[in-house]
Each structure stands twice: as structure tokens, then as C-alpha cells.
Amino acid sequence: MRPRNSLAFAAILFTTCIAGRLAAQGQPPAPAPTPQQGPPAQGPPQGGRGRGQATFPAQQRTLADPAVIARGKTLFEINCRLCHGADLRGGDMGGVNLLRSNLVLTDQHGELILPVVKGGRNNPGMPVMPPFPQIPDDDVKAIAEYIHAVAFTMRGQGNPPASEAPVVLNIVVGDASAGKAYFAAKCSSCHSETGDLQGLATRISDPVQLQNAWVAGGGGGGRGGGGGRGGRDAAAAPNRREIRVTVTPPGGQKVEGRLDRLDDFIVTLTPADGVQRSFTRNGDVPKIEIQDPLAAHKQLLSVYTDKDIHDVTAYLVTLK
């Protein structure tokens, strides 16, 4: 115990001597250390509703000029409504809910949305979005501003700026003769104006709905339908979009049913008995055959130009 006490006493004595020397030199002893404070917080202050500025990117975003939003709405109706729906929550082609998309919520003025529109997106387990390189950058940004304006309203933050007069969308602006020629070249192998498409414009009188229907593959039964060239029975129409799959395991019996999931590791389907089944994939094993009745329409999504869509729509509205 004595050696330890001696060391402690020596340490105290040494400290006292240092303090005395500093005092003799007129230098005040160093102040006691205080807790270190970091740099001031960057960005707007934290706070909930009614307390300070918002901190989320979607809440900090400023809305575009009303004219840009109005133009974006028109472009959205033409290019995006089919997949993402009139309310942006998903449409006939199974597009994602844009009001809940993390990419859309993070985007400010189209800088994140633009690459996806131009290059497409193909994530496992998600609907495939084909690329649309033909849409000008300014049009994509206008669409993004419209999406943000709708999201702004949905969050209950008031009404977005709007144009003085509502935009009346007239999409029947194409050349019906050119549309008929395009139909004959690209569509007549599966559809007929005197068969499944007869009276199409009467059944779907709204040109916007008609355009969405034919781009998505709806509105007609196709030549393979239960009704032949006359179209499918109305009760069977909902299943016409269903993707079917046939799985053949090595040395096993074929299993057929509705395709529920397909990726590099697993295929899941629901046969006629309603009992879902899954098979592990290893390269080309098991053998998988997919029957997608809308495959041709999906392949054309990345090929259509705006003129093609307008021309075909102008032709189809004449089928009454």
C-alpha cells in the first residue's frame, strides 16, 4: 500500500508545481473541458406537422408552374395511364403505385424518374417496365411534375396549382388510314375488324379508354378466344389476360396452371385444383413453357411511337 500512496502523492505534487508555474507567468490555467459540440445541423429543422419545416424530400419539393403540370397531365394520360392508372395507383398492365414508390417520393424534378422511363426497369418479382427512349426529356420531366402535384394533393397539403381552364384531352388526332395499314401489318394475325373487334368503338365509346384497352391488349377476344373470330364470351374475358405456365420436372409429370411467380430460383403456379405449387429452378431444369396471351402487346410497347398509337386509335374509333 505504501508504494502506491507515494506515487499518488508525487503526482499531486507535480500537478501543483505546474499550476504554480503557470500562475507565476501570468497565464491562467486552462479551463475545464466542456462536452464537445458538433457543427450546427444542416438543412431544415426537425418537426412534425405545424412545427418547423418538413424534412422529407417529398415535403421539401416545390411544385412546378401550373402550365407544366397541365402539360404533364396530358402526357401522363397518353403514355402512362395504361400501366399506372388514372389515379397513379396502378393500372390494367400492373404498373407500380406511383404514390407509394420510394423512387418517386425521393425524386425532386424528374432527375430519378427520367432514367427509368428512358431505360426501363426489370426487377425480380415486379412488373417489367419497357424503355421509352422516344419520349423527350422535357416531356418526362413534365410528367414527373404532374405526378408530384397529384401526390401533393393526396397528402392533404392542399390543391396543387392548376391551369385556369381544365385540359380537355382529345387523343383522336391520328391518321385513320395510316392506323388501318399499321393494324393490317402488326395486328391482323390475331385480330379482325369483322370478328373480335367488330363494334369495338361502340363497346368502348371513350377514346381514352379505347386507346388504353388496345395498347394493353383488351377490347377484343382475339382469334384464339372461345368465340373464335366473333370474340370471347363475356364471362371468360377476365381470364384472357392470365399468364399460363407448364412445368415439366425431370422424369416427372407436367404440371399446368396460372403463373404466380417466376425468377432465376423458383417458379410458382396454381393448377386447376387451386393448390399452389413451387419448383426450384437450376438453369433449364425443370423445363418451363410460358403462354402469355398478351406477349405480342408487351413486345410492341417498346416499339410503338406516339404516331403509331394515335394512328391506330384513330382507326379503331371508326369500328362501330
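Here are four exercises with worked solutions on a predicted model.

**Exercise 1. The sheet**

Task: Work out in which order the five strands stand in the open sheet, and which strands are at the edges.

Solution:
- Step 1. Begin with strand 1 (residues 244-248) and strand 2 (residues 255-262). They pair in the antiparallel sense, over four bridges. One bridge partner pair to find is Val245 with Gly257 of strand 2.
- Step 2. Move on to strand 3. Strand 2 and strand 3 run antiparallel and are joined by four bridges. Arg261 has Thr268 in strand 3 as its bridge partner.
- Step 3. Go from strand 3 (residues 266-270) to strand 4. Again four bridges join an antiparallel pair. Here the bridge partner of Ile266 is Thr280 in strand 4.
- Step 4. Add strand 5 and read the order: 4-3-2-1-5, with antiparallel pairing.
- Step 5. Look at the two ends of that order. Strand 4 (277-280) and strand 5 (287-291) each have a single partner strand, so one side of each has no neighbour in the sheet. These are the edge strands.
- Step 6. Finish with the twist. From one strand to the next, it averages 40°.

**Exercise 2. Two hairpins**

Task: Find how many residues lie between the strands in the hairpin of strand 1 and strand 2, and how many join strand 2 to strand 3.

Solution:
- Step 1. In the hairpin of strand 1 and strand 2, six residues lie between the strands.
- Step 2. Check the backbone there. Gly251 takes a positive phi near 70°.
- Step 3. Now take the hairpin from strand 2 to strand 3. Three residues make the connection.

**Exercise 3. Cysteines**

Task: Decide how many disulfides the model has, and explain why Cys80 is not bonded to Cys83.

Solution:
- Step 1. Recall the bond. A disulfide is a covalent link between the sulfur atoms of two cysteines.
- Step 2. Set the cut-off. The two sulfur atoms must be within 2.5 Å.
- Step 3. Test Cys80. The closest cysteine sulfur is that of Cys83, 8.4 Å away, so the gap is too far for a bond.
- Step 4. Test Cys190. Its nearest cysteine sulfur belongs to Cys187, at 8.5 Å, and Cys190 is in no disulfide.
- Step 5. Give the count: zero disulfides.
- Step 6. Add the surroundings. Buried means under 20% relative accessible area. Cys80 has 15% relative accessibility, so Cys80 counts as buried. Cys190 has 41%, so Cys190 counts as partly exposed.

**Exercise 4. Crossing helices**

Task: Describe how helix 3 crosses helix 7, and how helix 8 crosses helix 12.

Solution:
- Step 1. Take helix 3 (residues 66-79) and helix 7 (residues 137-154). Their axes come within 7 Å and cross at roughly 100°.
- Step 2. Classify the angle. Values of 65 to 115 degrees count as roughly perpendicular. Therefore helix 3 is roughly perpendicular to helix 7.
- Step 3. Find the touching residues. Helix 3 contributes several, including Val68, Ile69 and Phe76, and helix 7 several, including Ala142, Ile143 and Tyr146.
- Step 4. Sort the contact by class: nine nonpolar, one polar and five charged residues.
- Step 5. Repeat for helix 8 (residues 176-186) and helix 12 (residues 306-316). The axes come within 7 Å, and the crossing is roughly 100°. So helix 8 is roughly perpendicular to helix 12.
- Step 6. List some contact residues. Among them are Tyr182 and Phe183 in helix 8, and Val312 and Tyr315 in helix 12.
- Step 7. Sort them too. This contact has seven nonpolar, one polar and four charged residues.

Conventions:
Residues are numbered from 1 along each chain as its sequence is written. This is a predicted model: local features need pLDDT of at least 70, side-chain atom pairs count only at pLDDT 80 or more; totals for chains, interfaces and linings use all residues. Side-chain values use heavy atoms; hydrogens and water are left out. Two strands pair if DSSP finds at least two bridges between them. Axes are lines fitted to C-alpha atoms, for helices over the stretch in contact, and angles run from 0 to 180 degrees between N-to-C directions. Buried means under 20% relative accessible area, exposed over 50%, partly exposed in between (1.4 Å probe, protein chains only). Angles under 35 degrees count as roughly parallel, over 145 as roughly antiparallel, 65 to 115 as roughly perpendicular and the rest as oblique. Contact means heavy atoms within 4.5 Å. Ala, Val, Leu, Ile, Met, Phe, Trp, Tyr, Cys and Pro count as nonpolar, Asp, Glu, Lys and Arg as charged, and the others, Gly among them, as polar.
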